[in-house]
Amino acid sequence: MQKLTYRCALVALTALGMGGGALMAQTAPQTAARPAATTPAPSPTPATPATPPRETVTGDLGAQARTSIVITGFATPDAVATPAGNTSALGIQIADVISADLERSGLYAPLGPGGLRLVPMGEVTAPQFDSWRPTGAESLVQGFVRADAAGNLTVGCYLYDMALGSELARNGFVVQPRDWRRAAHRCADAIYSRLSGEAPFFDSRIAYIAETGPKDARIKRLAIMDSDGANHRFITTGQSLAITPRYSPDYRYIAYVSYLGDRVRVYVYDVEAASQRAVYESSNPTFAPRWSPDGRFLLFSMSVAGNTDIYRIPIEGGTPRRLTDNPGIDVGGSFSPDGTRIVFESDRSGGQQIYVMNADGSSQQRISFGGGRYATPEWSPRGDLIAFTRISGNFRIGVMTPSGGGERLLTDDWQDEAPTWAPNGRLIQFFRTTQGRNGRSQIFQVDLTGVNLRRIPTPVDGSDPAWGPILP
Amino acid sequence: MRTTAKAMLMAFTILAVSGCAGRRAPAELPPVADSGYDANANTGGVANAVVPGSQADFVRSVSSDVIYFDTDRYNIDDIDRAALTSQAEWLRRYPNVRATVEGHADERGTREYNIALGERRANAARNFLISLGVDGARLNVISYGKERPVALGSDESAWAQNRRAVTVTVQ
């Protein structure tokens, strides 16, 4: 059973030298390559890394609008076998993951590590800027991977400015070998944050629903994966319909709806213990679970004699508190990041619209007034925007401010539904359904410009993506 | 009153048999294979012998085990009343049989809203059955939202067939 309690410690690279001899100089970029062990391995080809299929890019910034970054294969002081493979191969794979992450952000045009020369260990901290100038790149990423006696990997990650010829950032991560991709994601996050000024998001996971089978008997399974689709795992067997998962803020639990026993109920699944419990015992259906930002409460929707309202319950159980009291359908809900307010949808005006209220249910106020219907509001982790599904002909993903202003639609397809925010509030995933008897659902990602739209690869079809926060 | 209801039931049985399912009902009905309910699946005995009180008997006896709704609506109209009246008659005849009313929505709605909408529809049907004297304790409700369409196309005709409440006996 894979655990979510990764060990991924941030260490100061300046302290690393104590371990296995001076791997790098902290201040003198001119430090020469260590003698002997720097001969590049004759074959730089990694042992066929199991890379997931590439995303389908359907909309993109022009290459000229993206910042070009050279990413070299990470060096290793000693080619050592680890449970995750040889460190020399890992160095290339880590650079591959960083390159794919930065590319997927939509902001960067990575070059390498494929097709680039291998950088010896000593050059990691003493970059040969002149040798990369012909690429025209603005930034350079180099790094190393080293296995220690305790069986951990240390991954060092360096970002350089080509024009200035200077270091912009350095980070080091100590991980268990099986978590090597996390070290790569954290390195990509450090680069992305330093260059864009935005908060990180690559080192995060996604819960979603894997779909197979015909439209009238679809099998829907709870599944989880990394933000890039790797480390995919099915959680439920598909015997009962599973829908609408949400990761708890600490990734320990997933709240979702299961049709187990031909009932509609919210369950909280314990990822490590692989066990689950119904969050509230009732003969009424409970659905649409949502976590409070502190993970102590769940919102859920419950239908009583056909009327659906939103309730809040402590995660350990107890008596739910009813937050809406209206003959219309009040459903869903999403907390503001500070936990003081909730955005939700209601058809009390005659059709689905978006409302905000205080976390205790007071001061309910409509904020969407455009044509058509508005559904599935999700408050950005940054607090500045609310993402939604707008239904007016097509189903489209859009954003507006929490007071209902500045509406922008980001997609335009037959049926795009249910946005979920990246941890940094700059990208949105959702699912796109196609028409007809063979209609299918797949997970897509779009940035706030609406320009960078791409499909996130999953082993089978997917829906209901729910992006978790940056991993603890 | 009873005679009127019987007459209506007769009339609608004829309508159903002739394939004219009524004003709001879908223009095209899905092929039998797609219906999800095989009338022959639950005869409980010899082939072609329908056991009284069985699901097959229910489907055969009522004017319709399905009622249909307009987009986002859940009101019970005259055609629905006739179908539910025939269902209630059958259910009163077999007081030991329980039933589940399934609420469904078409695919042109968001997932969670559609579950709430299916709840409304199934409860509307259930409430009408109760008003006709069926003990509410015998009637379960479940909403499938848009998860279990009966017609697979993405057009008005398919959506009209999927906006439905289906009464299924629990055997």
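Okay, one definition before anything else: two residues are in contact if their C-beta atoms, placed from the backbone, lie within 7 Å. Keep that in mind, since the interface comes up straight away. And a caveat: what you have in front of you is a predicted model.

So, the interface. Chain A puts 29 residues into the contact and chain B puts in 22. On the chain A side, several strands each bring at least two residues to the surface that touches chain B: strand 13 (242-247), strand 17 (286-291), strand 18 (297-304), strand 21 (330-335), strand 25 (373-379) and strand 29 (415-421). If you sort that side of chain A by class, you get 11 nonpolar, 12 polar and 6 charged residues.

Let's stay with chain A. It has 3 helices and 33 strands, and 49% of its 472 residues count as buried. Looking at contacts in chain A with a separation of 6 or more, 49% of them are between residues 24 or more positions apart. The chain splits into domain 1, which is 8-30 + 48-196, and domain 2, which is 205-470. Over C-alpha atoms, the centres of those two domains in chain A are 35 Å apart.

Now some sheets. How are strands 12, 11, 10 and 33 of chain A paired? They make an open sheet in the order 12-11-10-33, and the pairing is antiparallel. Strand 12 (233-234) and strand 33 (461-470) sit at the edges with a single partner strand each, so one side of each has no neighbour in the sheet. Inside it, strand 10 (residues 204-212) and strand 11 (residues 219-226) of chain A pair over 8 bridges, antiparallel. If you want a register check, A:I206 is opposite A:M225 in strand 11.

There's another open sheet of 4 strands in chain A, ordered 21-22-23-24 and again antiparallel. Its edge strands are strand 21 and strand 24 (365-366), each pairing on one side only. Strand 23 (residues 353-358) pairs with strand 24 through 2 bridges, and here A:V356 faces A:Q365 in strand 24. Recall that strand 21 also came up at the interface, supplying at least two residues of the side of chain A that touches chain B.

On to packing. In soluble globular proteins, nonpolar side chains tend to be buried together. Here the largest nonpolar core runs to 126 residues, and the ones with the most contacts inside it are A:I94, A:I98 and A:F300. Both domain 1 and domain 2 of chain A give at least three residues to this core. Take A:I98: skipping neighbours within four places in sequence, A:I98 is in contact with A:I71, A:V141, A:A184, A:C187 and A:A188. A second, separate core has 32 residues, including B:V59, B:L139, B:A151 and B:A160.

That brings us to chain B. It has 5 helices and 4 strands, running α-α-β-α-β-α-β-α-β from the N terminus. Of its 171 residues, 47% are buried. For contacts in chain B with a separation of 6 or more, 69% join residues 24 or more positions apart.

Two helices of chain B are worth a look. What span do you expect for helix 4 (residues 111-131)? With 21 residues at 1.5 Å a residue, helix 4 should span 30 Å, and its end C-alpha atoms are 30 Å apart, so that agrees. Of those 21 residues, 18 are buried, so helix 4 is largely enclosed by the rest of the structure. Just after helix 4, B:G133 takes a positive phi of about 100°.

Helix 3 (residues 78-93) of chain B gets the same treatment: its 16 residues should span 22 Å, and the end C-alpha atoms are 23 Å apart, which agrees. Among its buried residues are B:L84, B:W90 and B:L91.

Last stop, a loop back in chain A. A:T401 is in the loop between strand 27 (394-400) and strand 28 (408-409). Is A:T401 buried or exposed? Somewhere in between: a residue needs 20 or more other C-beta atoms within 10 Å to be buried and 12 or fewer to be exposed, and A:T401 has 13, so A:T401 is partly exposed. Beyond its neighbours within four places in sequence, A:T401 is in contact with A:D384, A:L385 and A:G406. From A:T401 to A:S380 is 21 residues in sequence and 9.7 Å in space, C-alpha to C-alpha.

That's my tour, thanks.

Technical notes. Residues numbered from 1 in each chain as written. Chains lettered and ligands numbered in written order. Predicted model: local features only at pLDDT ≥ 70, side-chain atom pairs only at ≥ 80, totals over all residues. Domains from an automatic or database assignment. Nonpolar A, V, L, I, M, F, W, Y, C, P; charged D, E, K, R; others polar. Expected span 1.5 Å × (residues − 1). Pairing = 2+ DSSP bridges. Core = buried A, V, L, I, M, F, W, Y, C linked by C-beta atoms within 7 Å.
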